[in-house]
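These are my notebook entries from a session spent looking at one structure. I went through it in two steps and wrote down what I looked up.

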Amino acid sequence: MDKKSDFKPYSKPHSTVIVGAQWGDEGKGKIVDVLAERSDIVVRYQGGPNAGHTVIVGSKKFKLHLLPSGVIRGKRSLIGAGVVLDPLALKAEMEEMRAAGVKITPKELGIAYRAPLILPTHRLLDGMQEESKKGKAVGTTKRGIGPAYSDLALRTALMFADVFAKDWPKKLEAAVFAHEEILEKMFSIKIDALCRKSIKELEAIPPFFEGFQANVNLEVTDALDAGKKVLFEGAQGALLDNSFGTYPFVTSSHPIAGGACIGVGVPPRSIDRVEAVVKAYCTRVGSGPFVTELSGKVADELRQKGGEFGTTTGRPRRTGWLDLVALRFSHRLNGFAGMHITKLDVLGGQPEISFCNSYEIAGKKVTEYPADPLATEKAKPVYQKMAGFGDLSEKEWAKVAKEGKTKGLDALPKNAIAYVNKISELSGIPIISVSVGPERESIIFAK
Ligand code: GDP
Ligand code: IMO
Ligand code: MG
């Protein structure tokens, strides 16, 4: 029997997929950075530069878009074939990270040969497609995500491997020409000077990426066989999944755990665990149904205190109470072994905290997320309330827990413990950790 097909069940979890359980920006970057300390490889499996993962280390703030969050700890960081790669955006990000003192050589970073490319014309197409939708625009990040995945599905995409082909300039020219036709015929626009300049830069890019090509699927398979620990870093969130999210207000990839297999090229049996990152309340950027969305004082307080402005686009995020109907759906799609609850501190100071455990649709109580994506637009939240808790950051709860003065979550005020336990009880997802600040240290692991 072929060595690779001789599967050995792992005694301890070696492969963990980290998934955003809501609409993105749950704090995946922070959690992956914390978990990366005890991992050997971090691999991104989908999405592209639409992602914005923040990692705070001391006084430094890193915003990662295409680079896996493990790169900050110098861990082997891989970009899988499921990621749409914008070489110009990645080059800029690598230069920025290097300037901030992060080492990125082919030793730290490997990029799948098959990662489909985002070209400057994909970005133009993204903008034009959005504009043509008028009032029904998705509110994309305009990073060319949808058009690049469309080209992959149409079998017209260029891939990272093409950058190193002898006839790269010709391939690029042909792909740009095809986009030009669409832009002119469908949207009556010509490629502007800025886009032309980017295409020229892209033509000259091969030497910058020489050596970063990696056989990501073989490398991950070999690492798992050797008992190494691999973190699969998801981007976006389960409710933005192309098939199961709030379609059509979704992204064009599969952030759900199943996407990790396709995006890296490993069989389902090689995934040991799936862990959720769950924000203690909800946010969403862009259009689409958001049943528990708030407006007014509490919405603004959450936005300000939580710094809820897009990491990639700077747009203000829509804010609302925690939606447990949606979280249970997310759990069904992903099968979470546990969750990391983030940003609990942002709720500190609210006299009361509401959460939604059921919807009302056409006068009926609904506890399961509707299968019909249009039904969520008509859903009204049914709220339950709990007593609030004070400012968590003031008391340095994480430090108290770390110093062993209390056990795990017991370091938190009683009402905060009651809230997170309620989330766990109603979602059915065990708590792994609770975050009470953006820093690495501000995390309390449940005992
Ligand atoms: P990601 O896309 O899931 O990685 O999340 P983002 O980085 O886009 O957004 C999460 C934001 O919340 C970032 O600014 C983080 O630094 C910050 N953050 C993460 N965890 C916590 C936390 O527990 N408390 C607070 N106050 N901020 C947090
Ligand atoms: P991270 O990884 C939050 C949203 C956009 C838009 C929709 C489609 O940081 O959590 P796209 O550009 O993907 O075609 O936009 O998806 N979106 C995100 N929202 N966090 C993200 O990434 C997102 N990436 C895309 O706002 O509504
Ligand atoms: Mg983000």
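I began with the surroundings of ligand 1 and found that 19 residues surround it, the closest being K28, G29, G52, T54 and D345. I kept in mind throughout that this is a predicted model.

Next I looked up the oxygen atoms of ligand 1 and their polar partners. For K28 I noted a polar backbone atom 2.7 Å from an oxygen atom of the ligand, whereas for T54 the partner is an N or O atom in the side chain, with a distance of 2.6 Å to an oxygen atom of ligand 1. I also found an N or O atom in the side chain of K343 that is 2.9 Å from an oxygen atom of the ligand. I then checked how much of ligand 1 is covered, and wrote down that the protein covers 93% of the 580 Å² of accessible area that the ligand has on its own.

I turned to the domains, where the assignment gives domain 1 as residues 120-209 and domain 2 as residues 278-447. Their centres, taken over C-alpha atoms, are separated by 37 Å, and the contact takes 6 residues from domain 1 and 5 residues from domain 2.

How much area do domain 1 and domain 2 bury between them? I noted about 370 Å², with 40% of it on carbon and sulfur atoms. On the side of domain 1, G139, T141 and R143 supply 67% of the area buried against domain 2, more than any other three residues.

Last, I counted 0 salt bridges between domain 1 and domain 2, but 3 residue pairs in polar contact. The residues of domain 1 that touch domain 2 divide into 2 nonpolar, 3 polar and 1 charged.

How values were computed
Residues are numbered from 1 along each chain as its sequence is written. Chains are lettered from A and ligands numbered from 1 in the order in which they are written. This is a predicted model: local features need pLDDT of at least 70, side-chain atom pairs count only at pLDDT 80 or more; totals for chains, interfaces and linings use all residues. Side-chain values use heavy atoms; hydrogens and water are left out. Domain bounds come from an automatic or database domain assignment. Contact means heavy atoms within 4.5 Å. Buried area is the accessible area (1.4 Å probe) that two parts lose on being put together, summed over both. A salt bridge is a side-chain nitrogen of Lys or Arg within 4 Å of a carboxyl oxygen of Asp or Glu. A polar contact is a pair of N or O atoms within 3.5 Å; within protein, one must be able to donate a hydrogen and the other to accept it, and residues adjacent in sequence count only if both atoms are side-chain atoms. Ala, Val, Leu, Ile, Met, Phe, Trp, Tyr, Cys and Pro count as nonpolar, Asp, Glu, Lys and Arg as charged, and the others, Gly among them, as polar. A residue is near a molecule or strand if one of its heavy atoms lies within 4 Å of it. Accessible areas come from the Shrake-Rupley method with a 1.4 Å probe; for residues, only the protein chains shown count as cover.
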